[in-house]
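Visitor: I'd like to take one chain of this complex and go over it closely, from its overall make-up to the partners it touches.

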Amino acid sequence: MYGYVAKRTLLVLPTLIGVSIAIFLMVRLLPGDVIDVLLGADTQVTPEVREQARKQLGLDGSYAEQYWRWASGAVQGDLGDSVRNAEPVSSILRDAAPITLELVFLSLLIAVVVGVPLGVVSAVRREGSSDYLARVAGLIGVSIPSFWLATLLLLFTSRAFGWVPPLTYVSPFDDLGANLSQFILPALSISVFTMAIVMRMVRATMLEVLSQDYVRTARAKGVPRRRVVFRHALRNALIPVVTVVGFEVGVLMSGAAIVEIIFGLPGIGNLLLQAIFSRDYPLIQATTMLIAAIFITFNLLVDIVYGFLDPRIAGG
Amino acid sequence: MTFRRRPVLAAEGVGEVAPTAWSDVPRGRLDFLGRWRNPIGLVGAAIVGFNVLVALFGPFVWRIDPDEQAAERLLAPSWDNPFGTDELGRDTLARVIHGAQVSLQVGAISVGIAFAAGLVIGLLAGYYRGVVDALLMRLVDMMFALPGLVLAIVIAGLLGPTRTNAMIAIGIVITPAFARVVRGAVLEVMGYPFIESGRALGASGFRIMLRHLLPNIGAPLIVLVTTYLGTAILSEAALSFLGLGTQPPEASWGGMLNTARAYVDLYPWLSIFPGAAIMLVVLGFNFLGDGLRDILDPRLGPQTGGHVATQK
Amino acid sequence: MSDIPSDKARSDSPGGGDLNRRDLLVKAGQIGAGAVAAGSLAGAAKASPARRKAAPPRGGKVTWALEQDPAHIAPFGGILTANHWGKAPMYESLIEWDVKLNERPALATSWKVVDARTIDFTLRRGVRFHNGKELTAADAKYSFDLQLNPPAPGSVAVLGQVPAIAGTEVRSKYVLRMKLKNPDARVFGYLAWNRYSAIVPEGMYGQVNAGREGIGTGPFRLLEYQPNSHLEFARFQNYWKRGRPYLDALSFKVLPDEQARVAALRAGAIDGGTFSADSAKALGQNRNLKVLRGLTAAFRELQMTIKPGDRKPWHDVRVRQAVNFAINRQEIINRVYSGFGEYSGHVPPGYGPWPLTRSELRDRYEKHDLPKARALMRAAGVANGFTVEMTTFSTPLDFASVAAVIKAQLNRININVNIVAQEPGTFAANNGRGTFEWDLTARGMRGDVDGYLAEFNPSSTAYQAWYPLYRNVRVWRLVGNGRIQLDQKKRIPMYKEAQRLLMNDVVQVPLVAVSKFQVVRPRVANMYVAFSDFNTGLHTSVYIKR
């Protein structure tokens, strides 16, 4: 067991390093560098001035040199400066990360709080048509594009209630109400996918559990159905849900990237996109690494939890 | 992440699709029609078929040029323009039809890339095992370092935002799923006793493995392809929406949704039609995949859509 | 479709000025022997009758929306226009432009051209920086040193816009001597533009974080800059222009999303901002909002490369002329810009006395003439046409629309244009390197007219990248001499002739200049759409209507 954990943990570091090298190289594959983007297609600079500007931004030297400069800084916590405004990348990320994390957390919350009861209900009422209904609902849920849903929600709230979410980001510590009213629509948009998966998951495991012998025995003994459901079945059925949740964080992070654009939230996803369009190499590298680190860590934790729950896995 | 077996009912968010329990898949029993036990799969097939027809024949039936700015801008839906016109006076219906072509093309090619790459990787890793396997699996692991769509964004963004690069990006992102299934199947087959004896007799172990592999892998691969076609189309829409895929002025559903954002309060139909198209197509593929899974092994029970970390 | 109420009073008419340059200098009593009227964008001296108005009321705060975050507000090396939006209220230069882009003294009261490479600037006395320090030549020298080598967060890439200044020296407490590497007429426009030529107190970069804070001489001093969020300015009590600014405070909110800006204006959260034509039209329906429209220097242009290698049909000047006459610019203006726009030559309309006149362009050099175009194609032997690839920006969206209109128009002379839209960064890279056949791009503001014709100087990077095979010695001479001719009166005919020659050679095909729309709440008085694409009115002339 511990060998399993150790092996998985040890793999994290080489993976991160590999990812950092891959990103570093790919970023420099981009056509056009930051000077091109900033100048636009309107003005020209002489090659000497361009070289000078690149040097000013630390873009001179061979790839190996540049990578070494970046990596050695990174392990000390210095992720370089954004080439657009010379701000330290680490502080930019520090400001952006909580926003995305809050969004992902809220979405997960909604998905679980709505998905689990739905799954339970649909498992418990097992008549033929509701079987189809549940499946169809689940399939629809995973088919809706989050960015479309977000637009529809915005349209709906503005038409039906005359309400639009606040325009500028407010920290939850400053004004929780305004913050939540800004996050509710984006969180809802990306939660639907996960909600559908959770619902199907819960339904599936509940069905499995409910058909087991000890449940039938309890029913036969006259234990009220509801107690059976909540005491025995649900507890067992929830275990795989926990692991699903872990995996879904990745999906939610991806979804967050898109809805941040729509709702103007300055989170990591928004940051990554802006960085790509402005060829802001240090920011692209750092943001990608951050997302990778978060995601890998989450997966690792989930794998470990899974290993505990199902020792068969750890052996294989 | 290694190829370990997960319990059959475990719902995966990360691209693992039935049949996860490899040994549960019935071999060679693909009598389709008798096994359509629910209409969901049929509905899905109908939707997908309709979409393909629209993509192939749409421009011949509805002859307006999607790029031509012939009409007045921002007209509401009418007989002349059933989906209205957009901000430059182009017919939205024609653009939605063109978007269908774009989506199917991107979907097919990226799944094709993933299929081919996954097949090669899976075959090599499973057959040769050892160092080759370890290396290839590390490579696949690295692709799991980022959530699917984020990886697609990074790849498409860094290769340069074009439709071709979006196809490559999506293809790369879904390759691991194919690779794993193939590898799992190969490993299974490799465990059969007669493989050893076949090799002892001098016959090419590889060919023997293939002969035993192919009939067994057909069904799951079909399900995989169907499911990921929906996924790929959704990803293409997302990338275009972000400006990283098909570039304007070419019509693509995601791109149309993006430009429609600015006009959503006064001209909502510009958002409604392309978005509905995306949802319908993805739904069709998901329904179809669900139905196919049903045929292959009803015992597997209700799976999740298997829809995938990549797509949102 | 022109139902946008337009306030044309201030900004549409190009050229012209209330006071002639010489009048100002005479009034200041500063003309010395050998002094040449500094580069001026003044038109004909039309002295309009002085209007006696009551001074505008003081006080109040205006909140303005910026559509892009400034990223930094360092005084030097700011590549983005947004940098300047953020810093303009607090920094000034030796010279400034008035509304009509006429130059007038600012921090320098006069200047004397000592010889072709030396200019002495006499600084205004009694000017205070925001930190109370008095402006002296030492501060100016410090500022120019940094202009010539902008430190981070600025970029040295702006040096392409800086004239050939060798250095400066302090002659006395209030006199700064500027030495030029060669005679360069661009100096005065460069200073008046103020984009790269701020004057800051000596040692400022050591005292404050220049990307986030600033000390200048301008009408407002910076209280706070929160990136991606807002900037706050307060009135500078000791501003050297007595009685100005009228406002007590100026606030900028960064709202890149157009919908957010529209909603904010409707809700009264902001007093004004820049909008697309469609949004401006929708907002204009509201009787409580005022729509302002003005021309900017951003004209669209079709570029063709003329490079060694395969010989292309457009290497023949007749084909290029055919393209020029086949394009119907009015149709572009009507279809893509709702009728709001102007024909543009190589120097955009509105840029002082320098551009060719409207009628010259419409009736002669850019006249839509399909039969003539066809005849030219026949004469060049390509009556059957050819295929060419034209790249353009994928966003903003109007570029692709203009491309589509041009494609349809050139179809009539059998030229088949394949439009390839590229994401802006990719496009910029290809454009800079000249890796395209044709492309559709845009130009922007320049400090001096030379900026528009510099790419026809064979030694420039652009020339080498785009059309090394093009030769026209007369153009070269005119452009080269125009740069070193300090007498504006003599420069004007040179640049006009150069433009006419270039309109005949059409290595580049200038198309149309577009309008910019800003919408304000009625309490905001005296705002106008500045040709320079800055929000100049906010810190120079705006007041709150009671």
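Let's start with the surface: what does the accessible surface of chain A come to, and what share of it belongs to carbon and sulfur atoms?

Guide: About 13600 Å², with 66% of that belonging to carbon and sulfur atoms. Accessible areas here come from the Shrake-Rupley method with a 1.4 Å probe, and for residues only the protein chains shown count as cover. Keep in mind that this is a predicted model, where local features need pLDDT of at least 70, side-chain atom pairs count only at pLDDT 80 or more, and totals for chains, interfaces and linings use all residues; side-chain values use heavy atoms, with hydrogens and water left out. As for names, residues are numbered from 1 along each chain as its sequence is written, while chains are lettered from A and ligands numbered from 1 in the order in which they are written.

Now the make-up. Chain A has 13 helices and zero strands, where helices (H or I, at least four residues) and strands (E, at least two) are DSSP runs numbered from the N terminus. Read from the N terminus, then, every element in the run is α. Of its 316 residues, 57% count as buried; buried is under 20% relative accessible area, exposed is over 50%, and partly exposed is in between (1.4 Å probe, protein chains only). Take the contacts in chain A with a separation of 6 or more, and 73% of them join residues 24 or more positions apart. A contact means heavy atoms within 4.5 Å.

Two spots give a feel for the chain. Start with A:Lys7, which sits in helix H1 (residues 2-27) of chain A. A:Lys7 counts as exposed because its relative accessibility is 54%. Go 42 residues along the sequence from A:Lys7 to A:Val49 and the two C-alpha atoms turn out to be 50 Å apart in space.

The other spot is helix H11 (residues 268-277) of chain A, which is mostly covered, with eight of its 10 residues buried. Those are A:Ile268, A:Gly269, A:Asn270, A:Leu271, A:Leu272, A:Leu273, A:Ala275 and A:Ile276. Just past the end of H11(A), A:Arg279 takes a positive phi of about 55°.

On to the neighbours, with chain B up front. The size of an interface is often given as the accessible area lost when the parts come together. Buried area here is exactly that loss (1.4 Å probe), summed over both parts. Between chain B and chain A it comes to about 5800 Å², 74% of it on carbon and sulfur atoms. The contact takes 65 residues from each of the two chains. There is one salt bridge between them, which requires a side-chain nitrogen of Lys or Arg within 4 Å of a carboxyl oxygen of Asp or Glu. In it, A:Arg200 pairs with B:Asp290, the closest N and O atoms being 3.6 Å apart. Three residue pairs across the interface are in polar contact, both at pLDDT 80 or more. A polar contact is a pair of N or O atoms within 3.5 Å; within protein, one must be able to donate a hydrogen and the other to accept it, and residues adjacent in sequence count only if both atoms are side-chain atoms. On the chain B side, H2, helix H4 (130-143), helix H5 (148-159), helix H8 (205-242) and helix H10 (269-296) each supply at least two residues. H10(B) has the largest share, with 12 residues.

Then there's chain C. Here 28 residues of chain A are in contact with 40 residues of chain C. The buried area is about 2600 Å², and carbon and sulfur atoms give 57% of that. The count of salt bridges between these two chains is two. One of the bridges found here joins the side chains of A:Glu87 and C:Arg212 at 2.8 Å, N to O. Polar contacts come to five residue pairs, both residues at pLDDT 80 or more. The elements giving two or more residues to the chain A side are helix H2 (34-39) and helix H3 (47-56) of chain A. H3(A) gives the most, with six residues.

How values were computed: Buried area = accessible area lost by both parts, 1.4 Å probe.
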